[in-house]
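Student: I should like to take a close look at a single part of this structure. Could you please choose one strand and explain in detail how its surroundings are arranged?

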Amino acid sequence: MQQGIHPEYGPVVFYDRSADKYILTKSTLVAKAKSLPSITWEDGNTYPLVSVEVSCYSHPFYTGRNVVLDTAGQVQKFHERYGRK
């Protein structure tokens with residue numbers, strides 16, 4: 001690996017707001033640690049905290065739950081078009 005061209009890589013805590021879960025992993029977001037809030041983890045160390053909407057805890061692909069999002073009435077339009085009511 002070439003030296004000096006890669007971003008800093010280190011531990012970061014991600015908070016999934018929709019599932020209310022915390023995940024400690026490594027990320028290049030550690031380079032922005034000074035501008036991020038921090039959290040004290042179970043091991044007593046302080047890590048940068050990144051808040052996200054979707055993670056492996058809440059995404060339907062990973063959880064096995066089916067989520068139907070029908071914001072524009074697409075299901076109703078389909079039923080009207082093809083005679084189902």
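Tutor: The secondary structure of this chain comes to two helices and four strands, and the model is a predicted one. From the N terminus on, the elements run β-β-β-β-α-α. Buried residues make up 20% of the 85 residues in the chain. The accessible surface comes to about 7,100 Å², and carbon and sulfur atoms account for 52% of that surface. Among contacts between residues at least 6 apart in sequence, 34% join residues at least 24 apart.

Let us turn to strand S1. Six of the seven residues of S1 are buried, so this strand is largely enclosed by the rest of the structure. What lies alongside S1 can be described through its pairing with other strands.

One partner is strand S2, which covers residues 21-27; S1 and S2 run antiparallel and are joined by seven bridges. Two residue pairs help to locate this pairing on the model. Pro11 has Lys26 in S2 as its bridge partner, and Tyr15 has Tyr22 in S2.

The other partner to consider is strand S4, residues 46-52, which runs parallel to S1 and is joined to S1 by four bridges. Here Phe14 stands opposite Val50 in S4, while the bridge partner of Asp16 in S4 is Val52. Strand S4 also pairs with strand S3 (residues 38-40), in the antiparallel sense and over three bridges. In that pairing, Thr40 stands opposite Thr46 in S4. S3 and S4 form a hairpin with five residues between them, and Gly44 in the turn has a positive phi of about 90°.

The hairpin of S1 and S2 has four residues between its strands, and one residue there, Asp20, takes a positive phi near 55°. Asp20 is found in the loop between S1 and S2. Most residues other than glycine have a negative phi. Asp20 is not a glycine, and yet its phi is positive. With a relative accessible area of 51%, Asp20 is exposed.

Next come the side chains that S1 contributes to the interior. In soluble globular proteins, nonpolar side chains tend to be buried together. The largest nonpolar core of this model has six residues, namely Val13, Tyr15, Ile39, Trp41, Tyr47 and Leu49. The elements that give two or more residues to this core are S1 and S4. Leu49 shows how such a residue is surrounded: leaving out residues up to four places away in sequence, Leu49 touches Val13, Tyr15, Tyr22, Leu36, Pro37, Ser38 and Ile39.

Asp16 deserves separate attention. This residue lies in S1, the strand of residues 10-16. Is Asp16 buried or exposed, and which side chain of opposite charge is nearest? Asp16 is buried, and the nearest side chain of opposite charge is that of Arg17, 6.9 Å away. A salt bridge requires a side-chain nitrogen of Lys or Arg within 4 Å of a carboxyl oxygen of Asp or Glu. Asp16 has no salt bridge. Its surroundings can nevertheless be listed: apart from neighbours within four places in sequence, Asp16 is in contact with Lys21, Val52, Glu53, Val54, Ser55, Tyr57 and Ser58.

Arg17 has a salt bridge with another residue. The side chains of Glu53 and Arg17 meet at 2.6 Å, N to O. This pair links distant parts of the chain, 36 residues apart: Glu53 is in the loop between S4 and helix H1 (60-63), and Arg17 is in the loop between S1 and S2. The count of salt bridges comes to one. Glu53 is partly exposed, with a relative accessible area of 48%, and Arg17 is also partly exposed, with 44%.

To review the part you asked about, S1 is joined to S2 by seven bridges and to S4 by four. Asp16 in this strand is buried without a salt bridge, whereas Arg17 is paired with Glu53.

Key
Residues numbered from 1 in each chain as written. Predicted model: local features only at pLDDT ≥ 70, side-chain atom pairs only at ≥ 80, totals over all residues. Heavy atoms only, no water. Buried < 20%, exposed > 50% of the residue type's maximum accessible area, 1.4 Å probe, protein only. Lys, Arg positive; Asp, Glu negative; His and termini not counted. Contact = heavy atoms within 4.5 Å. Pairing = 2+ DSSP bridges. Core = buried A, V, L, I, M, F, W, Y, C linked by side-chain atoms within 4.5 Å. Areas by Shrake-Rupley, 256 points an atom, 1.4 Å probe, with all protein chains shown as cover.
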